[in-house]
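Open your viewer, pick a cartoon view, and keep the selection box handy. We will go through a few stops together, choosing something new to select at each one.

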Amino acid sequence: MNLRDPATESFTPTVARLVAGEFDVGVGYATYRSRGTTDWLLIHTLAGEGRLGTDGPDVRALPDTTTLVRPATRHDYGVEQTLQHWHFLYVHFHPRPDWDPLLVWPEAAVGIGQIRPDLEVAGQICTALRDCVRHDTGTERNRELSAMNALEAALLLCDTQHPVLPAVDERVQAALKLIADRLAGDLDVARLAAAAGLSASRFAHLFRSQLGVSPQQFVERRRLESAARLLDLDDRPIGTIAAEVGFTDPIYFSTRFRRWYGVSPRGYRDRRLR
């Protein structure tokens with residue numbers, strides 16, 4: 001079901017790395033983004049109840065439950081008339097490269113994962129996320145880094161409550177090693193499939209089933225994340241950085257970077273000076 005008139009699109013935040021906050025809302029609160037966002041969205045319910053509309057049964061966001069919405073998943077969530085109240089912490093974020101294992105959650109619906117931790121761990125998750133919000137909305141030096149560290153702590157706590165996951169297939173691991181070792185090189189599906197010892201179609205299916213994204217999407221995200229780190233660290237020309245992470249066309253790089261981070265590479269770098 002839709003909690004909001006689908007003809008009315010909600011504001012989509014611009015997320016360079018992370019945006020965190022706390023909402024305590026009542027009847028009438030609803031968010032609808034038909035295409036979702038390019039970032040991940042984590043929601044931890046403190047009190048009351050929210051609902052996330054899907055093509056199947058709605059997902060209930062109950063107290064002490066943590067919900068994770070993947071990029072490009074329709075945002076259709078809010079407070080129904082009968083629910084009255086929803087108090088929650090939220091974080092829109094772009095993950096660090098090594099967070100992938102922490103983002104594979106039990107699926108409550110397509111694109112929506114959910115963890116129901118025990119009460120002690122739920123309290124620890126809440127504390128970590130409140131720290132994330134405090135750092136993100138504060139004025140301290142390195143506040144963004146501190147907020148990311150607090151979010152990582154919350155994700156690690158969530159991971160302790162995850163059912164045992166099967167290990168990543170060794171053939172996929174071989175492709176991941178090639179990506180890590182030769183990020184700027186030729187990493188088309190055929191080459192990655194060869195590293196895995198599979199046909200291109202079989203490899204692509206296995207990769208998506210294990211990691212939730214296509215090989216091409218994974219490679220692009222790795223390149224963009226590497227570019228973002230380089231933009232944080234040095235002042236070399238943007239075209240040089242683009243080439244270093246594997247983008248041969250700087251215009252295409254800028255287009256994809258803006259789509260992923262919501263800001264141009266130059267704008268991303270300039271935020272350091274503010």
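The tour goes from a sheet to its aromatic neighbours and ends at a pair of helices. Keep in mind that you are looking at a predicted model.

**Stop one: the sheet**

Select strands 2, 7, 4 and 5. They make up an open sheet of four strands in the order 2-7-4-5, paired antiparallel. Which strands stand at the edges? Those are strand 2 (30-33) and strand 5 (59-61). Each of the two has a single partner strand, so one of its sides is left without a neighbour in the sheet. On average, neighbouring strands here are turned by 15° against each other, direction ignored.

**Stop two: strand 7**

Now narrow the selection to residues 75-78, which are strand 7. Four bridges join this strand to strand 2, and two bridges join it to strand 4 (residues 50-52). Click on G78: A30 stands opposite it, and G78 is also the bridge partner of R51.

Are the faces of strand 7 covered or open? Both are covered. H75 and Y77 lie on one side, D76 and G78 on the other, and all of them are buried.

**Stop three: the aromatic rings**

Show side chains for F23, Y29, Y77, W86, F88 and Y90, which ring pairs link into a cluster. The structure as a whole holds 17 aromatic pairs. Start with Y29 and F88, a tilted pair with 6.2 Å centre to centre and 50° between the planes. Y29 sits in the loop between strand 1 (18-26) and strand 2, while F88 belongs to strand 8 (residues 85-93), so this pair ties together parts that are 59 residues apart in sequence. Y29 is buried at a relative accessible area of 17%, and F88 is buried at 2%.

Next, highlight Y77 and W86. Their pair is edge-to-face, with 6.3 Å centre to centre and 85° between the planes. Both rings belong to buried residues: Y77 has a relative accessible area of 6%, and W86 has 0%.

**Stop four: two helices**

Finally, select residues 170-181 (helix 3) and 200-211 (helix 5). Their axes are 10 Å apart and the packing angle is about 95°, which makes helix 3 roughly perpendicular to helix 5.

To see the contact, show these side chains:

- from helix 3: R171, V172, A175 and L176
- from helix 5: R202, F203, L206, F207, Q210 and L211

Colour them by class and you will find seven nonpolar, one polar and two charged residues.

Technical notes:
Residues numbered from 1 in each chain as written. Predicted model: local features only at pLDDT ≥ 70, side-chain atom pairs only at ≥ 80, totals over all residues. Heavy atoms only, no water. Axes fitted to C-alpha atoms, helices over the stretch in contact; angles between N-to-C directions. Parallel < 35°, antiparallel > 145°, perpendicular 65-115°, else oblique. Contact = heavy atoms within 4.5 Å. Nonpolar A, V, L, I, M, F, W, Y, C, P; charged D, E, K, R; others polar. Pairing = 2+ DSSP bridges. Buried < 20%, exposed > 50% of the residue type's maximum accessible area, 1.4 Å probe, protein only. Phe/Tyr/Trp six-rings, centres within 6.5 Å; stacked < 30°, edge-to-face > 60°.
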